[in-house]
Amino acid sequence: MHHHKWVALVLKLLNSSFFSYNGNNFYGNKVMNFYYQKDCNLALIQQKKVAVIGFGSQGRAHAQNLKDSGIEVIIGLYPESKSITIAKSLGFEVYNVSQCVQKSDLIVMMIPDELHQEIFERDIKPFLQSHHTLVFCHGFSIHFKLVLPPENIGVIMVAPKAQGKGVRDGFLKDNGVPALIAVHQENQENNAKDLALSYAAAIKADKSFIMETTFKLEAESDLFGEQTVLCGGLKALVKNAFEVLVESGFPKELAYFECLHELKLVVDLLYQGGLESLHKNISNTAEYGMIISQDHIVPQTTKQAMQELLRQIQNGSFAKDFVLEKQSGYLRMQAERKNIHDHPIEQIGRDLRQKIFKNKS
């Protein structure tokens with residue numbers, strides 16, 4: 001085929017429905033909607049009474065941010081909770097969970113995912129009224145049907161993309177952190193999405209940006225990211241690389257620095273500027289080493305393993321296994337925590353971290 005015919009064919013394809021945009025990218029993935037301060041009405045949530053169930057890192061950050069945004073907030077905890085004293089010292093009224101439900105309009109689930117089902121069935125569901133809206137910061141228990149809310153109440157998600165400390169720091173610095181919102185069920189006032197945006201504004205996510213998604217997409221992508229990169233993949237890479245160096249006769253201290261400690265420098269580059277920043281800001285030696293090694297370290301079989309993990313997440317296998325793990329008293333998790341505590345990377349790491357951070361608060 002002549003050159004000009006190739007060009008004509010490419011232009012035809014680009015203008016065809018095969019590459020049409022219509023809210024999707026070229027893979028067929030739906031493009032997310034973005035919202036900002038101008039799209040949020042803070043007054044909506046300021047008219048509501050909010051019960052935050054749980055007072056861990058994320059729950060505390062949400063509760064403090066909401067309170068500082070002029071919203072009446074109460075905390076729901078079980079009677080023996082160690083967090084009661086902390087919550088009261090920060091100026092919150094604390095009640096048991098069922099009392100909180102009866103005193104509030106919004107119920108914010110800030111307890112661990114695997115506890116949602118039991119606490120919802122026992123302490124929340126019997127007291128729900130049509131004016132209530134349930135708020136989640138993760139789609140797990142709704143998407144995998146651990147929690148089945150009555151059809152006449154609102155169910156929304158507001159999920160800041162940061163740990164609790166980051167959510168609070170972003171609020172105090174007045175720049176917020178990005179957040180996801182989603183609506184699973186419409187509320188009585190038929191304004192669930194606006195209420196989710198209002199809640200996001202109350203924790204100052206609107207000072208950054210807010211993305212609209214679904215409970216399904218958030219739950220599945222969040223689990224996938226944790227398992228393949230952020231936690232499962234990262235831990236396996238670090239641990240195996242450390243073991244290879246030590247087994248080859250290198251000092252443990254050197255192996256620790258090269259395979260774990262310096263990771264923060266690289267992650268900071270990725271966080272600020274993406275993969276391109278990594279190429280631009282490392283040495284030529286490191287960049288060439290990255291290029292020739294990447295397919296050896298993560299071959300096609302690793303991508304296939306990732307696809308299998310995604311299948312197990314999407315078909316509910318992981319959720320079922322995790323519920324069984326909780327019912328067993330977290331036996332596998334406890335065993336793995338002990339294994340990593342006793343591993344040479346942590347034995348040398350504890351000593352080195354004491355030296356590195358001795359003068360830092």
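**Briefing: Thr-228 and a nonpolar patch**

Thr-228 is buried, with a relative accessible area of 10%. The model is predicted. Its mean pLDDT over the chain is 92. Two sites are covered here, followed by a note on confidence.

**Thr-228 and its surroundings**
- Thr-228 belongs to helix α10, which spans residues 215-230.
- Thr-228 counts as buried because its relative accessible area, 10%, falls under the 20% cut-off.
- Beyond its neighbours within four places in sequence, Thr-228 makes contact with Gly-233, Met-306 and Leu-309.
- A polar atom of the Thr-228 side chain lies 2.7 Å from the backbone oxygen of Phe-224.
- Thr-228 and Gln-307 are 79 residues apart in sequence, but their C-alpha atoms are 9.7 Å apart in space.

**The nonpolar patch**
- Leu-265, Val-266, Leu-270 and Leu-275 make a nonpolar patch on the surface.
- The area of this patch is about 360 Å².
- Leu-270, one of its members, sits in helix α13, residues 263-281.
- Leu-270 has 32% relative accessibility, so this residue is classed as partly exposed.
- That value is over the 30% needed for a residue to join a patch.

**Confidence**
- Across the chain, 91% of residues reach a pLDDT of 70 or more.
- Residues 9-22 stay under 50 in pLDDT.
- For residues 9-22 the model has four contacts beyond four places in sequence.
- Where pLDDT is low, predicted coordinates should not be read in detail.

Key: Residues numbered from 1 in each chain as written. Predicted model: local features only at pLDDT ≥ 70, side-chain atom pairs only at ≥ 80, totals over all residues. Heavy atoms only, no water. Patch = residues over 30% accessible without salt bridge, like charges linked within 9 Å, V, L, I, M, F, W, Y side chains within 5 Å. Areas by Shrake-Rupley, 256 points an atom, 1.4 Å probe, with all protein chains shown as cover. Salt bridge = Lys/Arg side-chain N within 4 Å of Asp/Glu carboxyl O. Helix = DSSP H or I, 4+ residues; strand = E, 2+ residues; numbered from the N terminus. Buried < 20%, exposed > 50% of the residue type's maximum accessible area, 1.4 Å probe, protein only. Contact = heavy atoms within 4.5 Å. Polar contact = N/O pair within 3.5 Å; in protein donor to acceptor, adjacent residues only side chain to side chain. pLDDT = per-residue confidence, 0-100.
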